[in-house]
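Here is a colleague's note, written as numbered points, for someone reading a helical model for the first time. Please keep the picture open beside the text and look up each residue as it is named.

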Amino acid sequence: MLAQFRGYERSVRLLMVNQFTINLGFYMLMPYLAAHLSGTLGLAGWTVGLVLGIRNFTQQGMFLVGGTLADRLGYKPLIVAGCLLRTVGFAALGVSASLPALIAASAATGLAGALFNPAVRAYLARDAGEQRVAAFALFNVFYQAGILLGPLVGMALTAVDFRTTCLAAAGVFAVLSVVQIRALPARRGAEPAGGPERAGVLAQWRGVLANRPFLLFAGAMTGAYVLSFQVYLALPLEVRRLGGDGGGGTAATALLFVVSGLGTVLLQTRVTRWCRARIAPGAALGVGLVLMGAAFVPLLVSSGLPVPGSGTGRWALAVGPPALAALLLALGTMVAYPFEMDTVVRLSGDRLVATHYGLYNTVCGIGITLGNLLTGAALDTARSAGLSALPWLGLTVLGLLCAAALHALHRSGRLDGSAVVAG
């Protein structure tokens, strides 16, 4: 992995390290923000939900704008602007106590992500060239490593004071901003002068929205994001339901993220290398979705088992199936993610790549929101009606349906990008 890392251009290596640092700073703070808002500041539950929801809504809603600006202004300015804005947002979260200030700070952190995320992926795709798939696999290693380490650092800092955590996270983004200003080369998309990026924004958006293969692909891949997000929703709730809210339940919930993150760090590049040697890119996407759907089979099976009243048996039932599900979800993501990122570039025809990434993130973000609402409703229904298998069956079926849709797109040739390039 180290040799592979050294083999890329300096800009690609810097983007990977940057993404690790971005996730380190973000996950130092965000897992502990709700407790700070409700505990230290004493905000009501609905206001905590509002502050957190504003960040997610702003980020998802502005991805398309961030991608469009990156295609028009270049990738580096949007990456730097996003990091600077997050520096301000995180510092403000640490020193603000009024609701309007907290909402503004939360919106700033969300907008920051919308600015740099599409630009980073488009930049990486451009400079990695023909090695895009392998580069995105290694990028995911750095991405997951930041998620894995960030909460541990944040836990230590929050034990001192949450304001310390916020200021430390803001400091991480401030340093990152300076490094990128000084070291990250300026890059633009490979669009000739006078091309579509010189047209109006609405004309650009109409062109992207007219890309039917891309929209079909984004819709099919939405299921992958709904499934992977269950590491944050359905799996922790299941652990808590059986394992309780005490220290054992907290440790079991943390284990889900360790299994997912550490598995990716250790296996991602090997899984991608194996898939590239044996599976066509379009087929690999379907395989990834099948694995993600199959991740909920252990929970489906365990839902039919009698639940021990207490002791080791109950704890094993609370931890074992969810941990196995988290591992299979991570494995499915490992298979699909590098090919997914590459497919977005191919379906864009290498034109307005950041705009395509922005719209793709927005579509998937909407899908996550709707999927979580339905999953939450299924969990509530399952508990009240005694149908404990219902949510796991629904998630398994979702994975298989999305895999079938991707297989159909692959078989029809709509994922190879040739029709887009020819147009």
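The points below go through helix packing, then single helices, then a few individual residues.

1. A word on the source comes before the details. This is a predicted model, in which local features need pLDDT of at least 70 and side-chain atom pairs count only at pLDDT 80 or more, while totals for chains, interfaces and linings use all residues. Residues are numbered from 1 along each chain as its sequence is written, and side-chain values use heavy atoms, with hydrogens and water left out.

2. Helices and strands are DSSP runs numbered from the N terminus (H or I, at least four residues, for helices; E, at least two, for strands). How do helix α2 and helix α7 pack? Helix α2 (residues 10-29) and helix α7 (residues 132-158) have axes 6 Å apart and make an angle of about 30 degrees, where axes are lines fitted to C-alpha atoms, for helices over the stretch in contact, and angles run from 0 to 180 degrees between N-to-C directions. The two helices α2 and α7 are therefore roughly parallel to each other, given that angles under 35 degrees count as roughly parallel, over 145 as roughly antiparallel, 65 to 115 as roughly perpendicular and the rest as oblique. The contact of α2 with α7 holds 18 nonpolar, five polar and no charged residues, when Ala, Val, Leu, Ile, Met, Phe, Trp, Tyr, Cys and Pro count as nonpolar, Asp, Glu, Lys and Arg as charged, and the others, Gly among them, as polar.

3. Helix α10 (residues 212-228) packs on helix α16 (residues 353-385) at an angle of about 45 degrees, and their axes are 8 Å apart, so α10 and α16 are oblique to each other. Their crossing is right-handed, a term used when the near helix is turned clockwise from the far one by less than a right angle, whereas anticlockwise gives a left-handed crossing. Among the residues that meet here are Phe-214, Phe-217 and Met-221 in α10, and Leu-359, Tyr-360 and Val-363 in α16; contact means heavy atoms within 4.5 Å. By class, the contact of α10 with α16 divides into twelve nonpolar, four polar and no charged residues.

4. Helix α16 also packs with α4, at an angle of about 165 degrees and with axes 6 Å apart, which makes α4 roughly antiparallel to α16. The crossing of α4 past α16 is left-handed. In α4, residues including Asn-56, Gln-60, Phe-63 and Asp-71 meet residues of α16 that include Thr-355, Leu-359 and Asn-361. This contact of α4 with α16 has six nonpolar, ten polar and one charged residues.

5. What span do the end C-alpha atoms of α10 cover? With 17 residues, α10 reaches 25 Å from its first C-alpha to its last, close to the 24 Å expected at 1.5 Å a residue, the expected span being 1.5 Å times one less than the number of residues. Helix α8 (residues 162-183) has 22 residues that should span 32 Å at that rise, and its end C-alpha atoms are 31 Å apart, which agrees.

6. Several residues of α8 are buried, among them Phe-162, Cys-166, Phe-173 and Leu-176, where buried means under 20% relative accessible area, exposed over 50% and partly exposed in between (1.4 Å probe, protein chains only). These buried residues of α8 pack against α2, α3 (33-40), α5, α6 (99-128) and α7.

7. Two glycines deserve a look. Gly-74 lies in the loop between α4 (45-73) and α5 (75-95), is buried with a relative accessible area of 2%, and touches Leu-69, Arg-187 and Arg-188, leaving aside residues up to four places away in sequence. Gly-288, in helix α13 (residues 281-294), counts as buried at 0% relative accessibility, and its C-alpha is 8.5 Å from that of Ala-224, which is 64 residues away along the chain.

8. Is Asp-350 buried or partly exposed? Asp-350, in the loop between α15 (311-347) and α16, is partly exposed, with a relative accessible area of 42%, whereas Leu-352, in the loop between α15 and α16, counts as buried at 10%. Most residues other than glycine have a negative phi. Phi of Asp-350 is nevertheless positive, near 60 degrees, and that of Leu-352 is positive too, at about 50 degrees.
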